[in-house]
Amino acid sequence: MRSEAAPQLDGLERFASAGKGRGLRARRRFAVGELLLSCPAYAAVLTVSERGSHCDGCFARKEGLSKCGRCKQAFYCNVECQKEDWPMHKLECASMCTFGQNWHPSETVRLTARILAKQKIHPERTQSEKLLTVKEFESHLDKLDNEKRELIQNDIAALHHFYSKHLDYPDNAALVVLFAQVNCNGFTIEDEELSHLGSAIFPDVALMNHSCCPNVIVTYKGTLAEVRAVREIEPGEEIFSSYIDLLYPTEDRNDRLRDSYFFSCDCRECITREKDKEKLEICKLNDPPSAETVKDMIKYARNVIEEFRRAKHYKYILCFTLTPLVELLEICELSLDKMGAVFEDSNVYMLHMMYQAMGVCLYVQDWEGALCYGQKIIRPYSKHYPSYSLNVASMWLKLGRLYMVLNNRTAGVKALKR
């Protein structure tokens with residue numbers, strides 16, 4: 001029975017979800033595609049690499065943005081956007097002028113600074129906290145290992161180093177809790193091609209629990225999060241989103257959930273593992289590889305994915321030069337050759353490296369190379385991901401644009417319609 005004190009929105013309510021803590025459930029039926037809720041960001045920060053192409057205030061992509069007259073590193077649609085963002089931007093403006101090129105706090109540090117400022121400016125409940133407040137966020141503090149605690153202390157040191165003029169700091173213990181809360185409840189804002197635009201806190205959206213069989217997806221319009229149904233939802237049914245990329249097999253998904261969110265998933269997909277065999281498809285050979293060979297190749301694939309992630313961070317994001325990009329493409333091609341001796345092209349580890357290779361091709365404007373990878377990816381994606389997956393939609397969008405650039409209008413229109 002619903003408690004009368006339980007916070008509600010139109011058609012939704014917060015409730016105690018068995019074995020999961022707080023949750024969100026439907027009070028009425030929702031049809032596929034219907035909007036369940038929209039939530040403005042409590043705090044949001046544009047990623048540094050997108051400055052100049054997106055507004056720092058509303059995240060809109062526009063030509064001819066106006067830059068901040070002081071730091072000349074923040075850009076806005078107009079005076080209104082700049083004024084609205086000033087209470088947050090002033091945290092960074094003077095500091096960026098002081099440190100110049102040595103100003104490099106992480107995105108998590110930048111977001112946490114804005115949360116501290118917002119809590120001081122607006123201590124009462126906000127429009128983003130109709131169902132759940134930031135102060136109620138779970139921190140999982142008791143589950144943090146020494147490495148995670150050390151990373152938080154590094155973030156706290158950076159916060160003190162880069163933000164001194166406009167922030168009132170709580171004590172170290174309170175900052176540890178806040179950073180742990182941000183790590184567990186923060187969202188990555190992405191554009192229509194799932195490229196990273198920034199980070200944000202959406203308290204009401206954070207109320208939803210995870211499932212690898214989600215019944216909603218979260219999309220973004222600038223700094224507004226929208227939650228829409230991807231299947232029919234009945235009254236009394238819990239609302240589930242996915243916290244992670246659902247491409248990967250059960251073991252990989254739960255490793256990620258345990259590492260980042262401190263729980264294992266018990267949804268139908270994780271219990272039955274019914275998609276794992278297709279996701280880990282092995283080459284159909286007269287002399288099939290042994291179980292030990294397959295196990296070793298899976299271990300290799302996981303290691304090379306982590307190696308590529310590190311290489312991408314240091315060579316691609318930091319350098320933006322052609323030579324490192326060529327090296328990244330070589331890592332992809334070499335790993336694909338090696339894994340291809342055991343895995344089918346539809347194997348998720350093959351798809352992961354194809355997607356990375358496609359990204360490098362797009363960055364260097366090798367449209368034909370990108371299209372070739374995209375064509376190999378799209379059908380397995382459609383099979384491995386749930387219905388109405390943003391990853392599948394994003395890939396169709398990329399393919400449509402590539403066909404158009406390469407003057408194949410018929411195929412381009414067909415992909416864009418998909």
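Where is the place of L194? Keep that in mind as you go through these notes on a predicted model.

1. **L194.** The place of L194 is the loop between β8 (187-190) and β9 (196-201). Once you have found that loop, look at the backbone there: L194 has a positive phi of about 65 degrees, although it is not a glycine.

2. **H140.** Now move to the loop between α2 and α3 (146-162), where H140 lies. H140 is not a glycine, yet its phi is positive, at about 55 degrees. Is H140 buried or exposed? H140 has a relative accessible area of 16%, and because buried means under 20%, H140 counts as buried.

3. **N215 and its setting.** Between β10 (209-210) and β11 (216-221) there is a loop, and N215 is found in it. The relative accessibility of N215 is 0%, so N215 counts as buried.

4. **What N215 touches.** Which backbone atom does the side chain of N215 reach? The answer is the backbone nitrogen of F240, at 2.8 Å. F240 also appears among the contacts of N215 that remain when neighbours within four places in sequence are left aside. The others are R228, A229, V230, R231, I233, E237, E238 and I239. Try showing these residues together on your screen to see what surrounds this buried asparagine.

5. **The second largest pocket.** Rolling a probe the size of a water molecule over the atoms shows where empty space is left. The second largest pocket has a volume of about 460 Å³. Of the 20 residues that line this pocket, A41, G57, E84, D85 and T223 are the closest to its centre. The elements that give two or more residues to the lining are β5 (43-46), α1 (79-99) and α2 (107-121). Which of the elements gives the most to the lining? That is α1, with 5 residues.

6. **The character of that lining.** How do the residues of the lining of the second largest pocket divide? There are 12 nonpolar, 3 polar and 5 charged residues. As you colour the lining by type, you can pick out E84 and D85, two of the residues closest to the centre of the pocket.

7. **The annotated domain.** An unreviewed UniProt entry places the feature "domain: SET" at residues 10-244. In the model, the span is 30% helix and 22% strand. The end C-alpha atoms of residues 10-244 lie 27 Å apart.

Note on methods
Residues numbered from 1 in each chain as written. Predicted model: local features only at pLDDT ≥ 70, side-chain atom pairs only at ≥ 80, totals over all residues. Heavy atoms only, no water. 1 Å grid on protein atoms, 1.4 Å probe; cavity = no way out; pocket = protein on both sides within 12 Å on 5 of 7 lines; lining within 4 Å. Points joined across faces, edges and corners; volume = space filled by probe spheres on them. Helix = DSSP H or I, 4+ residues; strand = E, 2+ residues; numbered from the N terminus. Nonpolar A, V, L, I, M, F, W, Y, C, P; charged D, E, K, R; others polar. Buried < 20%, exposed > 50% of the residue type's maximum accessible area, 1.4 Å probe, protein only. UniProt positions renumbered as here; feature names shortened; annotations may be inferred. Polar contact = N/O pair within 3.5 Å; in protein donor to acceptor, adjacent residues only side chain to side chain. Contact = heavy atoms within 4.5 Å.
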